[in-house]
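Good morning, and thank you for the time. I should like to take you through one protein model, sheet by sheet, and then turn to its aromatic rings.

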Amino acid sequence: MRFPSGFLWGAATAAYQIEGAAAEDGRTPSIWDTFSHTPGRVRGGDTGDVAADHYHRYREDVALMADLGLRAYRFSVSWSRVQPTGRGPAVRSGLDFYRRLTDELLEAGITPVVTLYHWDLPQDLEDAGGWPHRDTARRFADYATLVAEALGDRIGMWSTLNEPWCSAFLGYGSGVHAPGRTEPAAALRAAHHLNLAHGLGAQALRATLPSDAQLSVTLNLVEARPLTASAADADAARRIDALANRVFTGPMLSGAYPPDLIADTAKVTDWSFVQGGDLEAIGRVPIDVLGVNYYYPSVVSALDGSAGEAAHGDDGHGASTHSPWPGADQVAFHLPPGPRTAMNWAVDPSGLYDLLVRTQREHPGLPLMITENGAAFDDRLDEDGRVRDPERISYLHGHLAAVARALDAGVDVRGYFLWSLLDNFEWSYGYSRRFGAVYVDYPTQRRIPKDSARWYANVVRGNRLPAQP
C-alpha cells in the first residue's frame, strides 16, 4: 500500500507529558501540576516534574527523530512556561526554549507542527474560573499572539487546541483530568469557551502569521456505534455523537450548535452563556486542515434498567462516579469483544476508516490529518537491551491500512502522526502506561527505540505499508 507523494509522516508529544523542568526558567504551575501533586489524583503519586526530561534532552530527542526518518514533529507549547500567569508579557526564556527546539528540528530537516494548548492551563487562570469563565478564551487569544510573534518565522503549521472534549468534559465533568471538577453545567460552559478560544485564537494567528501559514484544530472525534439495531440504541449513539463530535464541529465548521444537543442538555443548562457574535467569532477564520485523533470506537446502548449497568463505566476515560456525558445519563458504554490495549481500549481499525469517510462526507473539501494514533502495551526491556512490541506493530499496521483504504475511497488525508514519540507521563495513569515508539528508562532517562520504532521508520522511508506487520 503506497501513500501519496508528500504525505506527512511524523510523531507527536505534549509539553506536560515530556518536558519536565516544571519550575525552571520562570515556568509556573499549570492545572496539571496542581492536579498531579494532589494525593489520589494520579496513579502512584506520579507527577510531570521530570517526565522524560525533554526540556534538557531535546537535542537528543531530535536526533532520534532524524534517525527514524521522521518528516514532522507535532509538539505543544506549555502556556505557563511562556506566560506564567496567563496574562501579560511573555517570558523570554520560555519562548527561547521553543525557538531552540524549532531550530534544531529545521536543521535536521524535520517540519515543526505546533499545538498551542494541550490541556495545561496556567493555574492562575483556573483560579480565576478556568475554561467555564469567558475571559479565559480572550486570554488564549493573547497567548496565541505571543507565540506566533516568536515562532511565526519558523513554523508554518499551527493548531489552536488539542482535544477540547477532554479539557471540558474530563476536566470539569467526570473530574478524572485536571482541574478535577465535577460540574456538568460548567463542562458545557467550558466546551463553549474552548470553541470561542479556538475562534479568537485563529483570528490572532491569522493576523500575526505569514499568509501561507496553515491553521488547524485537533479533535478526538468519536466513532459512536449502537450496540444493536434498535431505535433506542441508535438514539444513544446520536446523543454521544452530539456531545463528543458535533459540540465542536457544529460551531467551528458549520456555524451553529446542533439543535438536538441543546435539547438533550436542556435540564443541565439553558446555554445562555452563548452570547451574540460568539458563533460568528468561532468560525470567522476557516481552518486549512482538521486534525483527527483516533484510538478506538465507542459502543453504546440505551439503559434498560438491568442490574449492574453503568452509564459510563466502560467509556475508556477512567473511573469516576461522575459522568463526562451531561444529558446522556441513560446511555451505557460497552467493551466490544476482541483484542485490547493496556488501556483496555478495543483494537478496531475499522473505526478509523469509518470516521474518516464520514468526516469527509459531512465536511467536503476540508483536508484531514491523523494527528494522534497509537497504543499502550506492557512493554519490557529485555536482557539483550531490546524492546519487542509486536502488538504495537500489529496495531499500527492495521490503522495505517485503514488510512490507506480511506485514501483509496477518496478521503483527503494529508499525513499521519504516531502517538507518541516517547514513553511519557500518561495523565491520571502516571508512568504506568507506555505509548511511546521509544522506550524511556525513567531512572536513567535512557532512550531505547522499540521494535515498532524501527518498523515505523521503514514505513516512513518507503512511504508505503508492507503487506504484513
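What follows is a short tour of two sheets, the helices that pack on them, and some aromatic contacts.

Please keep in mind throughout that this is a predicted model.

I begin with the barrel. Eight strands close up in the order β1-β2-β3-β4-β5-β7-β10-β11, and their pairing is parallel. Between neighbouring strands of this sheet the average turn is 25 degrees, direction ignored. Helix α14 packs on the sheet, where it touches β1 (8-12), β10 (368-373) and β11 (413-419). The direction of α14 makes about 170 degrees with that of β11.

Let us look at some of the pairings within the barrel. Strand β3, residues 111-117, runs parallel to strand β4, residues 157-162, and four bridges join them. One residue to locate here is Y117, whose bridge partner in β4 is L161. Where the barrel closes, β1 and β11 run parallel and are joined by five bridges; W9 has Y416 of β11 as its bridge partner. On β10, the parallel pairing with β11 extends over three bridges, and L368 is matched with V413 in β11. As for exposure, β11 is mostly covered, with six of its seven residues buried.

Now to α14 itself. Taken together, β10, α14 and β11 make a right-handed β-α-β unit. Does the length of this helix fall short of expectation or agree with it? Helix α14 covers residues 390-408, and at 1.5 Å a residue its 19 residues should span 27 Å; the end C-alpha atoms are 27 Å apart, so the two values agree. The helix is also mostly covered, since 14 of its 19 residues are buried. After α14 comes G410, which has a positive phi, near 95 degrees.

The second sheet is open. Its three strands lie in the order β6-β8-β9, and the pairing is mixed. Which strands stand at the edges? They are β6 (224-226) and β9 (331-334); each has a single partner strand, so one side of each is left without a neighbour in the sheet. Neighbouring strands of this sheet are turned by 40 degrees against each other on average, direction ignored. Strands β6 and β8, the latter spanning residues 298-302, run parallel with three bridges between them, and R225 finds its bridge partner in V299 of β8. Helix α10 packs on this sheet and touches β6, β8 and β9, its direction making about 125 degrees with that of β8.

Within α10, which covers residues 231-254, I would point out T249. Is this residue buried or exposed? T249 is buried, because its relative accessible area is 9%, and buried means under 20%. Neighbours within four places in sequence aside, T249 is in contact with L219, L221, S254 and H363.

Finally, the aromatic rings. A pair of such rings is described by the distance of the centres and the angle of the planes. Over the whole structure, a search finds 35 aromatic pairs. In one of them, W79 and Y143 have ring centres 4.6 Å apart and planes at 10 degrees, so the pair is stacked. This pair links distant parts of the chain, 64 residues apart: W79 belongs to helix α4 (residues 79-82) and Y143 to helix α7 (residues 135-151). Both W79 and Y143 are buried. Elsewhere, one aromatic cluster is formed by Y16, W32, F35, W119, F425, W427, Y431 and Y442.

That concludes the tour, and I welcome your questions.

Definitions and conventions. Residues are numbered from 1 along each chain as its sequence is written. This is a predicted model: local features need pLDDT of at least 70, side-chain atom pairs count only at pLDDT 80 or more; totals for chains, interfaces and linings use all residues. Side-chain values use heavy atoms; hydrogens and water are left out. Helices (H or I, at least four residues) and strands (E, at least two) are DSSP runs, numbered from the N terminus. Buried means under 20% relative accessible area, exposed over 50%, partly exposed in between (1.4 Å probe, protein chains only). Contact means heavy atoms within 4.5 Å. The expected span of a helix is 1.5 Å times one less than its number of residues. Two strands pair if DSSP finds at least two bridges between them. Axes are lines fitted to C-alpha atoms, for helices over the stretch in contact, and angles run from 0 to 180 degrees between N-to-C directions. A crossover is right-handed if, with the strands pointing away from the viewer, the path from the first strand over the helix to the second runs clockwise. Rings of Phe, Tyr and Trp (its six-membered ring) pair if their centres lie within 6.5 Å; planes under 30 degrees apart count as stacked, over 60 as edge-to-face and the rest as tilted.
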